[in-house]
Amino acid sequence: MRYTDIIFDLYGTLVDINTEEDNLTFEKTALFYNFYAANYTADELKTSYLELIEKTEKSSTTTYECYPEVKIEKIFSKLFIKKGILDNCDQLGLYAAQLFRITSINYLKLYPGVVEALKFLKKIGCRLWLLSNAQAVFTKYELQALGISKYFNGIYLSSNYGHKKPDSRFFDALIKEHNLDCNKCIMIGNDRNSDILGANNMKIDSLYMHSNLSPSEDAPPDFDKYKLGLSKFSLNNNSKNYTISDDRPSATYGYYGYDWRELLPLLVDIIYDENMTLNLER
């Protein structure tokens, strides 16, 4: 078996999500604050929220964090403190953050075949890890709602670590804690910069999924012709040009789509180091 440990991104890789932080989101969240005498209008809450986010991120960059991660529930707690509500503000901030998230979600669902794929990969002896740029206060509960937490050997969410992919320290948190062999790992994700280059910088092989949530500029110009198969290509750190190549030490595989019913057999082939043949006529 070439790969024994599979590291997954979450949103855009296993989970399809659409969120919109619109006026209604801020109206409902402001009402929650008003329940506890932290009186905000929707517009005031939005302005204060965005200002706190910006201030926190700027503070992080002054401490030489290249990829800082804000802990969002602390922002919502500070919004209570700003109005003089000090009692139980941490717990209230957590609840406000979750309400904010729930009201912003248009839909949250697994991609086709995800559960079956996770079950099968565990059945053949792979260890499964989740490494996601995500807020624990949201994602822990969304994983529970989707019913997939139980399939992972470990779950790593960036808000718990203060930095996010592609920061090597976030990868190291997983690798060192479980003594993983990078040569036996493969990272699967839908973001070229966060997931793929981050993994390759750690000398971890990677599989790039160009899903509906991937940045459009992440795909190579001719990637659509591989949409029903798996290809090998290398990524150039210094440009957005892609070249089909098998000689890069840390090989990157590319897949166009998000249907795990189709991707799973292709992934199993590379796990067992089978010779891949790409049928462009399918």
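**Exercise 1. Helix 6 and its surroundings**

Task: State which residues of helix 6 are buried and which elements cover them.

Solution. Step 1: in helix 6, the buried residues are Ala136, Val137, Phe138, Thr139, Glu142, Leu143 and Leu146. The model is a predicted one.

Step 2: look for what lies over these buried residues. The cover of helix 6 includes strand 2, helix 3 (72-82), helix 4, strand 3 (105-110), strand 4 (127-132) and strand 5 (154-157).

Step 3: check the residue that comes after the helix. Gly147 follows helix 6 and has a positive phi, near 75°.

**Exercise 2. A charged pair in helix 6**

Task: Find the salt-bridge partner of Glu142, and decide whether the two residues are buried or exposed.

Solution. Step 1: the side chain of Glu142 forms a salt bridge with that of Arg101, at 2.6 Å from N to O. This pair links distant parts of the chain, since Glu142 belongs to helix 6 and Arg101 to helix 4, 41 residues apart.

Step 2: both Glu142 and Arg101 are buried.

Step 3: place the pair among the rest. The structure has eight salt bridges.

**Exercise 3. The largest pocket**

Task: Describe the volume and the lining of the largest pocket.

Solution. Step 1: the largest pocket holds about 440 Å³ of space. Its lining has 20 residues, and those closest to the centre are Arg101, Asn133, Ala134, Gln135 and Phe138.

Step 2: assign the lining to elements. Strand 2 (15-19), helix 2 (42-61), helix 4 (89-104) and helix 6 (136-146) each give two or more residues.

Step 3: sort the lining by class. There are nine nonpolar, six polar and five charged residues in the lining of this pocket.

Step 4: connect this with the earlier exercises. Phe138 is among the residues closest to the pocket centre, and Phe138 is also one of the buried residues of helix 6. Arg101, likewise among the residues closest to the centre, is the salt-bridge partner of Glu142.

**Exercise 4. Two more salt bridges**

Task: Classify the burial of the partners in the bridges Asp167 to Arg169 and Arg261 to Asp259.

Solution. Step 1: the side chains of Asp167 and Arg169 meet at 2.8 Å, N to O. Asp167 counts as buried because its relative accessibility is 8%, under the 20% cut-off. Arg169 has 38% relative accessibility and therefore counts as partly exposed.

Step 2: the side chains of Arg261 and Asp259 meet at 2.9 Å, N to O. Arg261, at 58% relative accessibility, counts as exposed, whereas Asp259, at 22%, counts as partly exposed.

Step 3: look for shared partners. Asp9, Lys165 and Asp195 are joined into one network by salt bridges that share partners.

**Exercise 5. The nonpolar cores**

Task: Name the residues with the most contacts to other members in the largest nonpolar core, and trace the contacts of Phe8.

Solution. Step 1: the largest nonpolar core has 39 residues, of which Ile6, Phe8, Leu121, Ile148, Leu207 and Trp260 touch the most other members. Helix 9 (residues 260-271) gives the largest share of this core, eight residues.

Step 2: leaving out residues up to four places away in sequence, Phe8 touches Leu14, Leu118, Leu121, Leu128, Trp129, Leu130, Leu131, Phe152, Met187, Ile188 and Trp260.

Step 3: there is a second, separate core of 24 residues, with Phe32, Tyr33, Ile53 and Ala96 among them.

**Exercise 6. Backbone exceptions**

Task: Locate the cis peptide bond, and the loops that hold Ala37 and Asn179.

Solution. Step 1: recall the usual case. Most residues other than glycine have a negative phi, and most peptide bonds are trans.

Step 2: the bond from Lys165 to Pro166 is cis, with omega near 15°. Pro166 sits in the loop between strand 5 and helix 7 (168-177).

Step 3: Ala37, not a glycine, has a positive phi of about 65°. Its loop lies between helix 1 (23-35) and helix 2, and Ala37 is partly exposed at 48% relative accessible area.

Step 4: Asn179, also not a glycine, has a positive phi of about 50°. The loop that holds Asn179 runs between helix 7 and strand 6 (185-189). With a relative accessible area of 68%, Asn179 is exposed.

Key: Residues are numbered from 1 along each chain as its sequence is written. This is a predicted model: local features need pLDDT of at least 70, side-chain atom pairs count only at pLDDT 80 or more; totals for chains, interfaces and linings use all residues. Side-chain values use heavy atoms; hydrogens and water are left out. On a 1 Å grid over the protein atoms alone, a cavity is a set of points where a 1.4 Å probe fits but cannot get out, and a pocket is an open set with protein on both sides within 12 Å along at least five of seven lines; lining residues have an atom within 4 Å of a point. Grid points are joined across faces, edges and corners, and a volume is the space filled by probe spheres set on the points. Helices (H or I, at least four residues) and strands (E, at least two) are DSSP runs, numbered from the N terminus. Ala, Val, Leu, Ile, Met, Phe, Trp, Tyr, Cys and Pro count as nonpolar, Asp, Glu, Lys and Arg as charged, and the others, Gly among them, as polar. A nonpolar core is a set of buried Ala, Val, Leu, Ile, Met, Phe, Trp, Tyr and Cys residues joined through side-chain atoms within 4.5 Å. Buried means under 20% relative accessible area, exposed over 50%, partly exposed in between (1.4 Å probe, protein chains only). Contact means heavy atoms within 4.5 Å. A salt bridge is a side-chain nitrogen of Lys or Arg within 4 Å of a carboxyl oxygen of Asp or Glu.
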